[in-house]
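Hi! You asked for some notes to read alongside the model, so here they are. Keep the viewer open and look up each residue as you go.

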Amino acid sequence: MNPAGPNRRKAVVVGAGPVGCLAAMSLAKMGWSVDIYEGRPDMRLPSSKAAAQQRSINLAISARGLAAIQAIDPGAADRFLSTVIPMRGRMIHDAKGRLESQPYDRDGQCINSIGRASLNEDLLKEALAVPNIRVFFEHKVTSIDFDRQKMLVRNTEAAKDVDVSFDLCVGADGSYSVVRRQLMRVVRMDYQQWYIPHDYIELKMPAGPPKKPGGDPTFLLDPNHLHIWPRHTFMLIALPNKDATFTCTLFAPHDEFDRLRSDDAILKWFKAHFPDALPLIGEQGLLDDFHRNPRSPLMSIKVRVVSPPLCAKPYHYKDRAVILGDAAHAMVPFYGQGLNCGLEDVRVLDILLREAQIDATSQVPEGKEDSRLAAALAKYSQTRHEDLVAISDLAMHNYVEMRHSVTTLAYRFRKALDNLLYSLNREHVTAKDVVPALSNKTFLDAPRGWLPLYTMVTFRPDVSYSTVLKKYKRQTETLEKMGWYSAAAAIGAVGITCAALLGRLYVYNYKRS
């Protein structure tokens, strides 16, 4: 939190969440003086942690998010990995309590579970270790004049307003972004926000007793899986925490929640739909969470171009401002890509700014534009938009997969077929093969061979989301042209071999779990 040098240009980052902290680190390491403004109290305070636990879906950080942190600060990425729990697949719990392990990746790649508060605190700590970054908590931005490069900030603790000057404003202030609202006054953008007809509530599964007196608590479920109880129109998920507890989240339509008005109704409903989860959560714990934790909505946001793409730049304004993360593209959480996408925003912007050779120590005369910075921000808007629309759509689609499709024969057949065709590739590229190159390149060449959709989204950060969607559609069209039943017949010709292979894979992965 040291003050900046007198010759540095000033960037203000609105929002001290993971995306805001990483954006601040990126700019500071390029020489900017960076001030972070956060309307909430310091997240490290016990009161802030207690509030966060009531309505925070656990985060699953995967290769894209890790690649972004690695690109900005390799040391921070290494330290961060020591705090996560790897999950190598989904564990499906059917209505009778039977389990089925569905590995995420044939090469054993994992996604990683971490509490939102833990991740945020870790990145805040990393940001504050950079000398030219300062943070101001309980400072709410109320208005921004981008042309005059000034914003009005309310210090809620001192109950006074503060005028803040800046050279660049980065909006990373989430779904209800003030920066985005202010940006819409000067940028022609088509802004879409809608709530899906489902809510969520967070529940807690306690740790189990130690295996021996004085030992550490134990996990009541396999900690190396993301557990899912799919029930077609609703679902329960559970992600592991370092303290051997699980953060559980119930997603359901409004009318399902509306029926759960009494303790008896809640317990009866859980006994009917989640008979193996209820004893682990505990009846009293379940009721306490239902009464204490808020029922929260699920929102999706898209920002679209109004004028032709070359005329309108929806995520930025001149050389003055840009929005990142949920401020630009809030999405439903069902692909686990909201965080990963936001961190990737920072990596992409970081590369474009460095390519433009922005000089953070060269002051721009008042009333003039930095043409290089303006061009870099414009390039970000023009190249990033298609990716953000693609992952938003994929996230919505994945909710259907998680709560319903994973239980169907059609899904299992497509997954088996994808894996079979994937195994025929001459080479298998994993995240660790491509991450080093992503410090200097936004994305690499389009991948060759057959790739499952989940593998591309989650484990191939070198492939943009829009490329992922295009490739998936081409692969689907190929299967449709072949004919679903023809493909099934082809699989049937080697059915014994495939069944044996899949069986061995299942047993191998389950024994490791």
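The points below go through a few places in this predicted model.

1. Start with the main core. The largest nonpolar core contains 118 residues, and Leu-27, Trp-32, Val-34 and Met-151 have the most contacts inside it. Helix α13, residues 371-403, supplies the largest share of this core, with 11 residues.

2. Now zoom in on one of those residues. What does Leu-27 touch, once its neighbours within four places in sequence are left aside? The list is Ala-11, Val-13, Trp-32, Val-34, Leu-168, Val-170 and Leu-353. Two names there, Trp-32 and Val-34, should ring a bell, as they are also listed among the residues with the most contacts in the core.

3. There is another core to find. This second one is separate and has 25 residues, including Leu-203, Ala-238, Ala-252 and Phe-290. Keep Leu-203 in mind for the next point.

4. Have a look at Asp-289, which sits in helix α10, residues 283-292. Is Asp-289 buried or exposed? Its relative accessible area is 5%, and buried means under 20%, so Asp-289 counts as buried. Leaving out residues up to four places away in sequence, Asp-289 touches Ile-201, Glu-202, Leu-203 and Lys-204. Leu-203 is the residue you just met in the second core. Lys-204 is 85 residues away from Asp-289 along the chain, yet their C-alpha atoms are separated by 7.4 Å. The side chain of Asp-289 also has a polar contact, at 2.5 Å, with the side chain of Arg-292.

5. Next comes a hairpin. Strands β5 (residues 89-93) and β6 (residues 99-103) run antiparallel and are joined by 5 bridges. Try finding Gly-89, which stands opposite Pro-103 in β6. Between the two strands of the hairpin there are 5 residues, and in that turn Gly-97 has a positive phi of about 85°.

6. Stay with β5 for a moment, as Arg-90 lies in this strand. Arg-90 has a relative accessibility of 5%, and the cut-off for buried is under 20%, so Arg-90 is buried too. Which side chains does the Arg-90 side chain meet in polar contacts? One is that of Glu-401, at 3.0 Å, and another is that of Tyr-411, at 3.1 Å.

7. A small exercise in strand order: trace the open sheet of 3 strands, which goes β9-β10-β11 with antiparallel pairing. Its edges are β9 (139-145) and β11 (160-165), each of which pairs on one side only. On average, neighbouring strands in this sheet are turned by 25° against each other, ignoring direction. Strand β10, residues 150-155, is joined to β11 by 6 bridges. If you want one pair to locate, Asn-155 has Lys-160 in β11 as its bridge partner.

8. Finish with two helices. Two packed helices are described by the angle between their axes and the distance between the axes. For α3 (residues 63-72) and α12 (residues 338-355), the axes come within 8 Å and cross at roughly 35°. The crossing of α3 past α12 is left-handed. Who meets whom here? On the α3 side you will find Arg-64, Gly-65, Ala-67, Ala-68, Ile-69, Ala-71 and Ile-72, and these meet Asn-340, Leu-343, Glu-344, Val-346, Arg-347 and Asp-350 of α12.

Definitions and conventions
Residues are numbered from 1 along each chain as its sequence is written. This is a predicted model: local features need pLDDT of at least 70, side-chain atom pairs count only at pLDDT 80 or more; totals for chains, interfaces and linings use all residues. Side-chain values use heavy atoms; hydrogens and water are left out. Helices (H or I, at least four residues) and strands (E, at least two) are DSSP runs, numbered from the N terminus. Buried means under 20% relative accessible area, exposed over 50%, partly exposed in between (1.4 Å probe, protein chains only). Contact means heavy atoms within 4.5 Å. A polar contact is a pair of N or O atoms within 3.5 Å; within protein, one must be able to donate a hydrogen and the other to accept it, and residues adjacent in sequence count only if both atoms are side-chain atoms. Two strands pair if DSSP finds at least two bridges between them. A nonpolar core is a set of buried Ala, Val, Leu, Ile, Met, Phe, Trp, Tyr and Cys residues joined through side-chain atoms within 4.5 Å. Axes are lines fitted to C-alpha atoms, for helices over the stretch in contact, and angles run from 0 to 180 degrees between N-to-C directions. A crossing is left-handed if the near helix is turned anticlockwise from the far one by less than a right angle, and right-handed if clockwise.
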